[in-house]
Amino acid sequence: MSRLRRFLSTPEAVAGALILALLAVMALVAPLLFSGDPQAIAGPALQPPFQDWSLPLGTDRLGRDVLAELFHGARTSLAVGLAAAAAALLIGAVVGTLAGFAGGLVDEVLMRVTDAFQTVPSFLLALAFVSIVGPSLGVVVAAIALSAWTGPARVARAEVLSIRERDYVAGARVIGMHPLEIAFREVLPNALPPVLALSSVIVAAAILTEAALSFLGLGDPNRVTWGGMIAEGRTVLRTAPFLSIVPGVALVLTVLGVYLAGEGVVESTAVRRSLS
Amino acid sequence: MSVLAVSSLTKRYRRGSKPFAAVDDVSFEINPAETLALAGPSGSGKSTIARLVLRLIEPDAGRIAFEGADFLALSGAALRARRARLQMVFQDPLAAFNPRATVARVLDDPLRIHNIATRAERPRRIAALLERVGLDAGLAARAIHEISGGQRQRVAIARAIATRPSLIVLDEAVSALDVSVRGQILELLLDLQRQERIAYLFISHDLGVIRAVAHRVVILDAGRIAESGDARAVIADPQSAIGKALVAATPRLTRSRP
Amino acid sequence: MTALLSIRDLRVRYRRDGIEVPALKGVGLEVVAGERLAIIGESGSGKSTLALAVAGLLARGAEIGGTLEWSASQSQMPRSFAPPSGLPAISPARGEIGSSADGSSPPATLEIGEGGDDGLISPLAGEMPGRAEGGVPERRPPAIGENQAPRLGRDIGFVFQDPSSSLDPVMPVGKQIAEVACTHLELTWPEAFAKAKTLLQRVRLPDPDSALRAYPHQLSGGQKQRVAIAAAIAAGPRLLIADEATSALDTIVQAEIVALIRRLVAEDGMTLIFISHDIALAASLADRIAVLRHGELVELGETRRLIEAPRHAYTRGLLEAHLGLDAKPLLDRQGASA
């Protein structure tokens, strides 16, 4: 309760939360409001926005409803962003915990693998992965997670290294607890807060990466995505700039919203920690 | 037969580039239902010995026989199973528990790990353990950070006795407690020792406390045994330099006896 | 006997997650100039809160009420160094400290609001600084003359329990001590550094020359506490407060630090407030002992009287709970042994 109040006490956090709420509503009502296929032709091609109120944002090169595409695109962006970030955090936390807790050879091997992933530019990695396996929503999520798990892994490992020296970990060993149970039940939950603080940055990056992949034509072809919309509009950028601008603005607002809300959460928990 | 027999135990660390022995050729035995105290200034190796005996760290040399068997030969599941008989209570009762734990979970773990009680029986066993250490069974639902320091140390003792050990290592277990609480905890430990025949390895820097509860004392200095013997005799008339210094430094209440 | 400090009806409450926790519930006592006063109590007794309140170090959010009267008539010239006139004063008030020390100034009294209303939050409550010594910016009530309210570091030296966290880990200890001397005595940096060396000799740190350049992590716990004491007395305070200053140390080092404090207090004619949970340790050092319990003063008396004829049941309980080298072992009391 007081934590929520603290979160809402900064204007940035409120703005971020409002943007995210709006986005979530868009994603949720998309199938109700625009029940048909958003990729179906709805009217004449290249109709500018605010002309016909049955197509408020106009139509694209093929005559598809831009507003419907925008709403359905929000679904894709949110789904991919959240799923990829969750996967990256999960992989990172598990790898970091194992490396930090086991130490020795396990640590050495896992951290060198992490290094290898970190030295390859993450977008190239995602690009290569999707072009080999083929574009589908699951593959895009996996590709983004694959390039984003190293940060959480390093943070988790550093945290675990300090926690594993605490008395309560020794206490768990003394009562005969299995090392894996100690790692994942005693150590990991206490190592999570700083790892979770990375989540807003990872979600924002994941949404951008997904858009970039779609822009290059490597998104799921059966789904509307904002990146794909921008790519579509690119060919008619001079005659119909709104086709790129509308999804572009949506993308910027989304990333901003995720970031502001994430900062708000970190800020409110930081205050909490310094008080206790 | 002794519960614990430690011989020629040695543990070396590196300080900068030069190695030094934190524990240097230390040998002692503890008999059933006996309290052996380890005393000495900070850095004398007391806590290192505790951690070696519990296999939290591995010695560089020496032997540890626990209940007649080679304790250092055990590993993996066999070691974890054996740990039921050899427990520990830490100095800071808050740091000794997972900050997210509840009292019930802390006591549930040893019962579950060592198959001491079925899932259905455990709540009753937990209540019995709490009552055994003088706590209300209703405390089980509370979080560890909600209860007082003295209550926490009682929970720590309850956890240590849950697996019916023959030896408990008490590492400065009463040093962080208020004096009034300290007396009660010491009484509880002595009561448990008498009824369950538990042996204690009692680590403390406080000779007054050691004299009150220990049968024998080993005084350490820089990782080596300086002297050992009957606790009251050694404290009344220490022979080693460090023993004399410890006795001289202990604050005294000089008052005419009523 | 003149009072250096009169504490009257001191009340402190902390607000934690919206709940008010009283730490002191109206404590009154006088600290006599030149005495060694021990304040003892168990955890939650408010003994540390009392020390912090006197030093003006209470955390923000603490509400304090009551009176702290500091007797300015006792003030004196800086002990060993007169302020060099050619130097720009760091604060105009610092010069006045010396000039007002003519023995005639009236006592400085901090009237702190009455309980219950909004004005209760005292301007005395500054943020807790990370370091033990002076040079700490303090907030004082505007009603008090700059030259009269006691200043931490200059008039009050404070030694914390844990020297590892009260010393700056990335600054050589000589510099940390010199900083206090420099701030409060208006010395030039070389003079302050020379003073730091003298102080390290006075606290009997082996090899003061190399210790000046040492970092805290290169020193043992006892040596660090000696450095913290050197920094606390660097400006020649009249009052030294030691808050559980020996509790983190082993018995032998504790005895050495207590002996050091005793010697320094005697040599400089300082008044000592020694906060401890250990009644035997307090009795070995103090002229008078105050016993606190749950934020209230339970008993106050001359050490010998309090130890031999305690008037309050709680004091008797503390004495009985003490496990001295002459107490009857618990093993025997229970009538059983292995």
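A salt bridge here is a side-chain nitrogen of Lys or Arg within 4 Å of a carboxyl oxygen of Asp or Glu. Side chains of opposite charge can pair when their charged atoms come close. Keep that rule in mind for the interface of chain A and chain B, where 4 salt bridges are found. The model is predicted.

Start with one of these bridges. The side chain of A:R185 meets that of B:D109, with N and O 3.3 Å apart. Polar contacts also cross from chain A to chain B: 14 residue pairs, both partners at pLDDT 80 or more. On the chain A side, helix 8 and helix 9 each supply at least two of the touching residues. By class, this side of chain A has 9 nonpolar, 4 polar and 5 charged residues.

Now turn to the extent of the contact. It takes 18 residues from chain A and 23 residues from chain B. The size of an interface is often given as the accessible area lost when the parts come together. For chain A and chain B that area is about 1800 Å², with 50% of it on carbon and sulfur atoms. Three residues stand out on the chain A side. A:D167, A:V174 and A:I175 supply 36% of the area that chain A buries against chain B, more than any other three residues.

Next comes the second largest pocket. It holds about 510 Å³ of space. Its lining has 20 residues, and the closest to the centre are A:F101, A:R164, A:V169, A:R173 and B:L56. Both chain A and chain B thus appear in that list. Chain A gives two or more lining residues from each of helix 3 (66-102), helix 8 (167-174) and helix 9 (179-196). Chain B does so from helix 2 (76-82). Helix 8 and helix 9 of chain A are already familiar from the side that touches chain B. The lining divides into 10 nonpolar, 3 polar and 7 charged residues.

Move on to chain B and chain C. Here 37 residues of chain B are in contact with 31 residues of chain C. The two chains bury about 3200 Å² between them, and 58% of that lies on carbon and sulfur atoms. How many salt bridges are counted between chain B and chain C? The count is 0. Polar contacts are present, though: 9 residue pairs, both at pLDDT 80 or more.

Which helices of chain B each supply at least two residues to the side that touches chain C? They are helix 6 (179-196), helix 7 (207-213), helix 8 (231-236) and helix 9 (241-249). Helix 6 of chain B gives the largest share, 8 residues. By class, this side of chain B has 19 nonpolar, 8 polar and 10 charged residues.

Finally, step back to the whole structure. Over all chains, the search finds 39 salt bridges. One within chain A joins A:D107 to A:R157, with the closest N and O atoms 2.8 Å apart. This pair links distant parts of the chain, 50 residues apart. A:D107 sits in helix 4 (residues 104-119) of chain A, and A:R157 in helix 7 (residues 150-163) of chain A.

Note on methods
Residues are numbered from 1 along each chain as its sequence is written. Chains are lettered from A and ligands numbered from 1 in the order in which they are written. This is a predicted model: local features need pLDDT of at least 70, side-chain atom pairs count only at pLDDT 80 or more; totals for chains, interfaces and linings use all residues. Side-chain values use heavy atoms; hydrogens and water are left out. On a 1 Å grid over the protein atoms alone, a cavity is a set of points where a 1.4 Å probe fits but cannot get out, and a pocket is an open set with protein on both sides within 12 Å along at least five of seven lines; lining residues have an atom within 4 Å of a point. Grid points are joined across faces, edges and corners, and a volume is the space filled by probe spheres set on the points. Helices (H or I, at least four residues) and strands (E, at least two) are DSSP runs, numbered from the N terminus. Ala, Val, Leu, Ile, Met, Phe, Trp, Tyr, Cys and Pro count as nonpolar, Asp, Glu, Lys and Arg as charged, and the others, Gly among them, as polar. Contact means heavy atoms within 4.5 Å. Buried area is the accessible area (1.4 Å probe) that two parts lose on being put together, summed over both. A polar contact is a pair of N or O atoms within 3.5 Å; within protein, one must be able to donate a hydrogen and the other to accept it, and residues adjacent in sequence count only if both atoms are side-chain atoms.
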